[in-house]
Structures are given as C-alpha cells and as structure tokens.
Amino acid sequence: MPTTLAPAIRVQGVTKAFKDLQVLRGVDFDVERGSIFALLGSNGAGKTTLVRILSTLLKADGGSATIQGFDVATAPNDVREAISLTGQFAAVDEVLTGRENLVLVAKLRHLKDPGAVADDLLARFSLTDAGGRRAGTYSGGMRRRLDIAMSLIGDPPVIFLDEPTTGLDPQARIEVWDTVKELANSGTTVLLTTQYLDEAEQLADRIAILHQGTIIQNGTLAELKKLLPQTTVEYVEKQPTLEEVFLALVGPSAASVPGPVDRPEAKEA
Ligand SMILES: Nc1ncnc2c1ncn2[C@@H]1O[C@H](COP(=O)(O)OP(=O)(O)OP(=O)(O)O)[C@@H](O)[C@H]1O
Ligand SMILES: [Mg+2]
C-alpha cells in the first residue's frame, strides 16, 4: 500500500541472473524523495540491469522494489506512471525539430496544450533558440538535454538517467549536470548511473557503489571520504586540472566551472 512516507525508491534484496551469470546478488538501498542518488559501478556491474528492473522493463529473480510506494512486480502500471527513463540511446527523432519532438511526446501523453508544454521545456533546458531546428543538427549535449526534457513531460516524480553524460564533452557534461541539479531542486527524485567519480561527486546527495552484485558502500560524499584514513598534510603546488584548462580555453561557461574538488587524500604527482 503506497504511503506518503514511502521513500521514492526502495530496493530490498533484489537478485538477478542471466543463465549462469549472477549479476545482482541481493541489492538493498533507499532513495529519499527529491534527492539525487548516484549508482556507481564499473562496466558490467549491473547498473543498467537494476535500472531496467526498477523501470519494470525486466523482472527480478528475487527481492522486491517499490517506486513511490508502488511495487514494480505487482503494480507496474502505477510505477510506469511515476517514472521516466532516459537511456544511453536517445529517443530523439532526428528528422523532427526539437519543439516537434516535445509536442509529439506531449500529444502521446494526452496533455492539454502540447505547444505550451513544449515551449516551457525548451525554455527550461535553454533550447528555445534551437527549438525550430531539426534535432539531427544538435550537438551531443543539446540532444541529451532534449532527451531529458522529453522524458520529463507529464512531470514524473522519479527519473532514471542511465549514464547521462557518457560520450559528452566537458562543456556538455556541465550543461547536463546543471539540468539534473535543477530537476532535483524542483523536487524530482533522480537516480543516475555513472562510471564517472567526478559526476557522482558533483551531483549526488548519496552515492552507492555496486560491486560484484551488491552495494558495498552507500553514503554521502563526506561519509565515503571518511572511509579512508586521514592522510598527513602535504603542501603541494595546486595545478589546474586538464578539464579546467580545457574549459578556460574553449568555454564561454568557463567562469561557472566549479573549482577543484578539495580532496586531501589525493596527492598530486
Ligand atoms: N539480457 C541479457 N542477457 C544476458 N546477459 C546480460 C543481459 N543484460 C545484461 N547482461 C550481462 O549482465 C552484466 C551486467 O550488465 P549491465 O548492462 O547491467 O551492466 P552495467 O553496469 O550497466 O555496465 P555498463 O557500465 O557497461 O553500462 C553484464 O555482464 C552483461 O553482459
Ligand atoms: Mg549500463
């Protein structure tokens, strides 16, 4: 029975095997409503498998999972109404303009004023100027933003982003990060998967590490950092990261680039 107290996402003892390959061996975690949760894991760890289970595309072998209190196995329709999923392969139609893509989805979802919905999302995702151009002409970052915008039509409370910035250049990644932060600020719960540690550091309220089929750590960035013993203080010359140099050279948005993350345990060579 869904209650207002239920977390946005609750995963309990979820297992999944493909033939002999046991991918998930009992995964547990909760995601608080309105927070950003990063699921970190290397290639093949099972991140996409878990996202597919949570979005009702795949059945778990064991355990249970709920979204906004709805069980993915017994109330899949309620779950589908509560979520959106943006996968690695964008749902964007390249022949249509950005605006036409949005209008199409709004019509499919039977919304009252598809044009207004589209214009609102174009504005929110800084795509107003590009809205009249064919999506096939968009850069990777613009396309990813349009894809996320499309997945938000109908205001789902929970959104899954499977590797939202893989393959994007540093500037486009920051654009997508800003979009995700804005989503969470407006109350949407975001579960994202990533292989990038910096992405999790930048975005997530909580970070869980999926390794060999289970969550081996789950905490805030500060909590995870405390797992390593305090290192002795060393005085090193702080060099800019390559990302900072790149953005300073090419990016108009360079001014908004966050400074180097303060990581006392990371030694500069
Ligand atoms: N439908 C399937 N049939 C058989 N094996 C599968 C299937 N889907 C996934 N697997 C296997 O399960 C394991 C986990 O895959 P999954 O795609 O969930 O990993 P991932 O963490 O998302 O990896 P990546 O970072 O590369 O996206 C991999 O070994 C993969 O080959
Ligand atoms: Mg994957």
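## T49 in helix 1

Let's start with a single residue: T49 sits in helix 1, which covers residues 47-54. The model here is a predicted one, and every value below is computed from it.

Is T49 buried or exposed? With a relative accessible area of 12%, T49 is buried, because the cut-off for that label is under 20%. Leaving aside residues up to four places away in sequence, T49 touches K16, F18, V23, L24 and L58.

## The six-stranded sheet

Next comes the sheet. Its 6 strands form an open arrangement in the order 6-7-8-3-9-10, and the pairing is mixed. Which strands lie at the edges? They are strand 6 (83-86) and strand 10 (214-219), each of which pairs on one side only. From one strand to the next, the twist averages 15°.

## Both edges of the sheet

At one edge, strand 6 runs parallel to its partner, strand 7 (residues 158-162), and the two are joined over 4 bridges. If you would like a residue pair to look for, L85 has F160 of strand 7 as its bridge partner.

At the other edge the sense is antiparallel: strand 10 pairs with strand 9 (residues 206-211) over 5 bridges. Here A208 has N218 in strand 10 as its bridge partner. Strand 9 and strand 10 also form a hairpin, with 2 residues between them. In that turn, Q212 is worth a look in a backbone torsion plot, as it has a positive phi of about 50°.

## Helix 5, between sheet and helix 3

Helix 5 brings us back to the edge with strand 6. Helix 5 lies across strand 6 and strand 7, and runs at about 160° to strand 6. That counts as roughly antiparallel, because the angle is over 145 degrees.

Helix 5 (residues 140-151) also packs with helix 3 (residues 98-108), at an angle of about 20° and with the axes 9 Å apart. Helix 3 is therefore roughly parallel to helix 5, since angles under 35 degrees fall in that class. The crossing of these two helices is right-handed.

Which residues make the contact? Helix 3 contributes G98, N101, L102 and V105, while helix 5 contributes L146, A149 and M150. Sorted by class, the contact has 5 nonpolar and 2 polar residues, with no charged ones.

Methods
Residues are numbered from 1 along each chain as its sequence is written. Chains are lettered from A and ligands numbered from 1 in the order in which they are written. This is a predicted model: local features need pLDDT of at least 70, side-chain atom pairs count only at pLDDT 80 or more; totals for chains, interfaces and linings use all residues. Side-chain values use heavy atoms; hydrogens and water are left out. Axes are lines fitted to C-alpha atoms, for helices over the stretch in contact, and angles run from 0 to 180 degrees between N-to-C directions. Angles under 35 degrees count as roughly parallel, over 145 as roughly antiparallel, 65 to 115 as roughly perpendicular and the rest as oblique. A crossing is left-handed if the near helix is turned anticlockwise from the far one by less than a right angle, and right-handed if clockwise. Contact means heavy atoms within 4.5 Å. Ala, Val, Leu, Ile, Met, Phe, Trp, Tyr, Cys and Pro count as nonpolar, Asp, Glu, Lys and Arg as charged, and the others, Gly among them, as polar. Buried means under 20% relative accessible area, exposed over 50%, partly exposed in between (1.4 Å probe, protein chains only). Two strands pair if DSSP finds at least two bridges between them.
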